[in-house]
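Please look over the sequence and the fold before reading on. The paragraphs that follow lead from the interior outward, and then to the question of confidence.

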Amino acid sequence: MVSPVRISIDAMGGDFGPSVVIPGCALARERYPDSEFLFFGDESMIRPVLDAHPALAAVSIIEHTDVAVRMDDKPSQALRHGRRRSSMWLSLEAIKAGRADVTVSAGNTGALMAMSKLCLRMMSGIERPALAAIWPTLRGESIVLDVGATIGSDAEQLVGFSVMGEAMARALFGVNRPKVGLLNIGVEEVKGLEYIRAAGQILREGNIPIDYTGFIEGDDIGKGTVDVVVCEGFTGNIALKTAEGTAKQIAEYLRQGMRRSLLSRIGFLFAKAAFDTLKEKMDPRKSNGGVFLGLNGMVIKSHGGTDAEGYSAAVALGYHLSRNGLMKKIEDGLGHYDRNRDVVTPEQAEVVDS
């Protein structure tokens, strides 16, 4: 028999806590019967909701703690009052202790990142973690990283992101040779900031076993030109928020247009199937869940304000990445990269600048 995927849950995380987290896990359990759950949080709040889902309760354990990280806590505050005793920390510690394969939290992003780095530590060869997001495209889905875990990167860090993102694409999409591109202001090799051009040189000339296609531009993200889009966190976060805002803007334009006249309402009825397809494609719940890559453990960050359907998507993401061996794929890729590292020297950087 296949061993179950064990998922530790920060049950107190997010805007709604157990009232959304537990039903979301119940939906995920229905879809993935070989999953088991370990809930951390206030048992008096978790137990009544969990008992309403007997199938989930049968494969779940609750570990009580009355300490929870607040959504407005600064990372330093979260560490001071939540280290080693909050629901967020204990859910991470379950991975470190080998009791869980992946953890999911809808809690404070900054606190989750700080606790994850302190509890799980960074993988060998990775200086900074990256937050990887699933991005709907015209071809299906792509992975974009980093979308805000850290601000600023150097060439080596972008190469590390490329290796980790490529491994995630193989684990999630089942693609043997995912295409990887660096986000830039143009596709020409002479364009862009120095560290981006230096990263491109390493990926082109280094003995790194990934399918690097070169630079891509912002409009290539939605087209699905590549399977993995690599950028530093400041750029990636702006791109993500811009895309989310544009989707809401288009949806509002459509609503206004459909209410404008009786004829437009009648036209909507004829085109309802097409609008339903568009609504499903643009539903942010379908792609809810970001992955902190570069840690000695798998951490999934759910949007704090999502509903049960959205939370179940984050749990499903963790399930699939665990079942398909994401950590082993990253370790193998980083191991190869470390052995064949081709560091860009200052003299080489000058050549890149010319």
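A residue is called buried when its relative accessible area is under 20%, exposed when it is over 50%, and partly exposed in between, using a 1.4 Å probe and protein chains only. The model is predicted, so that local features need pLDDT of at least 70 and side-chain atom pairs count only at pLDDT 80 or more, while totals for chains, interfaces and linings use all residues. Residues are numbered from 1 along each chain as its sequence is written, and side-chain values use heavy atoms, with hydrogens and water left out.

A good place to begin is helix 5, which spans residues 87-96; helices (H or I, at least four residues) and strands (E, at least two) are DSSP runs numbered from the N terminus. Because eight of its 10 residues are buried, helix 5 is largely enclosed by the rest of the structure. The buried residues are Ser-87, Met-88, Trp-89, Leu-90, Ser-91, Leu-92, Ala-94 and Ile-95. They pack against several elements, including strand 1 (5-10), strand 2 (35-41), helix 4 (75-82) and strand 11 (298-301), where a contact means heavy atoms within 4.5 Å. Just after helix 5, Gly-98 takes a positive phi of about 80°.

The loop that follows helix 5 leads to the charged pairs. Side chains of opposite charge can pair when their charged atoms come close. The structure holds 14 salt bridges, each defined as a side-chain nitrogen of Lys or Arg within 4 Å of a carboxyl oxygen of Asp or Glu. One of them joins the side chains of Arg-6 and Asp-101, at 3.3 Å from N to O. This pair links distant parts of the chain, since Arg-6 lies in strand 1 and Asp-101 in the loop between helix 5 and strand 4, 95 residues apart. Arg-6 is partly exposed at 32%, and Asp-101 is also partly exposed, at 26%.

Another salt bridge lies within helix 2 (residues 43-51), where Asp-51 and Arg-47, being four residues apart, are separated by about one helical turn. Their side chains meet at 3.7 Å, N to O, and Glu-43, Arg-47 and Asp-51 are linked in a network of salt bridges. Asp-51 has a relative accessible area of 44% and Arg-47 one of 33%. The side chains of Asp-73 and Arg-70 form a further salt bridge, at 2.9 Å from N to O; here Asp-73 is buried at 4%, whereas Arg-70 is partly exposed at 46%.

On the surface, Ile-151, Phe-234 and Ile-238 make a nonpolar patch of about 310 Å². Patches are made of residues with over 30% relative accessible area and no salt bridge, with like charges joined within 9 Å and nonpolar side chains (Val, Leu, Ile, Met, Phe, Trp, Tyr) within 5 Å. Accessible areas come from the Shrake-Rupley method with a 1.4 Å probe, and for residues only the protein chains shown count as cover. Ile-238, found in helix 10 (residues 233-258), is partly exposed at 44%.

How many disulfides does a search of the whole structure find? It finds zero, a disulfide being a pair of cysteine sulfur atoms within 2.5 Å. The sulfur of Cys-119 is 19 Å from the closest cysteine sulfur, in Cys-25, which is too far for a bond.

Finally, the protein averages a pLDDT of 87, and 90% of the residues score at least 70, on a scale from 0 to 100 that gives the predictor's confidence in each residue. Over residues 339-354 the pLDDT is below 50, and this stretch has 19 contacts in the model beyond near neighbours in sequence. Where pLDDT is low, the predicted coordinates should not be read in detail.
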